[in-house]
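Please open the model in a viewer and keep the selection panel at hand. The stops below proceed from the ligand site to the overall chain and then to two backbone details.

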Amino acid sequence: MTDPSTWTAVDAYIGSTLVSEDPVLEACVRSSEAAGLPSIQVSPVQGKLLYLIAKLQGARRILEVGTLGGYSATWLARALPPDGRLVTLEINPKHAEVARANLARAGLADRVEVRLGPALESFPKLAAEGAGPFDLFFLDADRPNNRAYLDWILRLSRVGSVLVVDNVVRRGEVADGASVDPSVRGVREMIDALASEDRVSATVIQTVGKKGYDGFLLARVERLTTKGPRGRTEGAGPDDRAR
Ligand SMILES: C[S@@+](CC[C@H](N)C(=O)[O-])C[C@H]1O[C@@H](n2cnc3c(N)ncnc32)[C@H](O)[C@@H]1O
């Protein structure tokens with residue numbers, strides 16, 4: 001097995017070649033750390049991956065759950081067209097305040113809304129406001145609620161909406177069905193739900209890097225109505241039309 005220091009070295013190499021962080025992103029991390037926020041944001045190579053996914057998706061409306069200091073939000077918002085919009089949900093008032101300042105410094109305040117409150121309270125409000133459908137969702141908050149978030153995400157989706165979920169492998173513990181870790185259980189509940197969900201096509205890709213051994217879940221909404229007991233068919237169905 002490769003030494004974990006090799007993963008960090010490769011991240012550093014990619015970071016110095018393909019993913020150069022600019023002063024705005026560096027300032028975002030610095031000011032978050034100075035404010036005492038935990039250093040648990042996505043890595044630069046992961047941030048660039050989110051940016052590329054948003055670009056590939058042509059995302060105009062993005063919903064993020066878990067803002068922290070606004071680092072991933074900065075990557076995602078930079079992929080938006082000028083009239084695009086990112087809503088990012090954050091439960092911690094201090095995190096939200098730091099993120100708002102960082103996003104304003106990044107010149108992104110006009111297209112990003114940091115919405116304060118537990119995501120499970122913000123989702124119904126967004127639905128009641130008629131927000132969405134969102135083109136891209138990034139889930140990076142409290143894992144035990146992942147299953148509940150999935151239900152709301154489906155309500156706020158269109159055919160073709162994409163979901164990215166961070167931290168779903170958890171050093172391999174996701175494969176342990178007997179785990180009592182609430183985050184592992186939360187991820188497994190979401191994966192179980194997706195496995196029996198014929199509206200969505202999903203997979204998980206394992207990752208290593210400076211953040212250790214983990215992984216992303218990637219999913220696409222294939223249809224808005226369930227096909228019923230006949231179950232899942234991978235690939236485009238007759239109702240697979242982008243709205
Ligand atoms: C891993 S951090 C997010 C990192 C961020 N996406 C980035 O990469 O820059 C998780 C964030 O989710 C927030 N959070 C946790 N539970 C939440 C909830 N129920 N509703 C909204 N935000 C929550 C935490 O306060 C924390 O700021």
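How many nonpolar, polar and charged residues does the shell around the ligand have? The shell has 11 nonpolar, seven polar and four charged residues, where Ala, Val, Leu, Ile, Met, Phe, Trp, Tyr, Cys and Pro count as nonpolar, Asp, Glu, Lys and Arg as charged, and the others, Gly among them, as polar. This is a predicted model, in which local features need pLDDT of at least 70 and side-chain atom pairs pLDDT 80 or more, while totals for chains, interfaces and linings use all residues. Residues are numbered from 1 along each chain as its sequence is written, and side-chain values use heavy atoms, without hydrogens or water.

Select the ligand and the residues near it (a heavy atom within 4 Å). Of these 22 residues, Gly66, Ser72, Glu90, His95 and Asp140 come nearest. Helix 4 (71-78) and strand 2 (85-90) each contribute at least two residues to the shell; helices (H or I, at least four residues) and strands (E, at least two) are DSSP runs numbered from the N terminus.

Next, display the N and O atoms within 3.5 Å of the ligand's own N and O atoms, the cut-off for a polar contact. A polar side-chain atom of His95 lies 2.8 Å from a ligand oxygen atom. On the nitrogen side, a backbone N or O atom of Ile91 is 3.1 Å from a ligand nitrogen atom, and a polar side-chain atom of Tyr149 is 3.3 Å from a ligand nitrogen atom. The protein covers 90% of the 600 Å² of accessible area that the ligand has on its own (Shrake-Rupley method, 1.4 Å probe).

Zoom out to the whole chain, which has eight helices and seven strands. Its C-alpha trace spans about 55 × 45 × 35 Å along the principal axes.

Finally, inspect the backbone. Most residues other than glycine have a negative phi, and most peptide bonds are trans. Select Leu68, in the loop between strand 1 (61-65) and helix 4: its phi is positive, near 55 degrees. Then select Pro133, in the loop between helix 6 (119-128) and strand 4 (134-139); the peptide bond from Gly132 to Pro133 is cis, with omega near 0 degrees.

Technical notes: A polar contact is a pair of N or O atoms within 3.5 Å; within protein, one must be able to donate a hydrogen and the other to accept it, and residues adjacent in sequence count only if both atoms are side-chain atoms.
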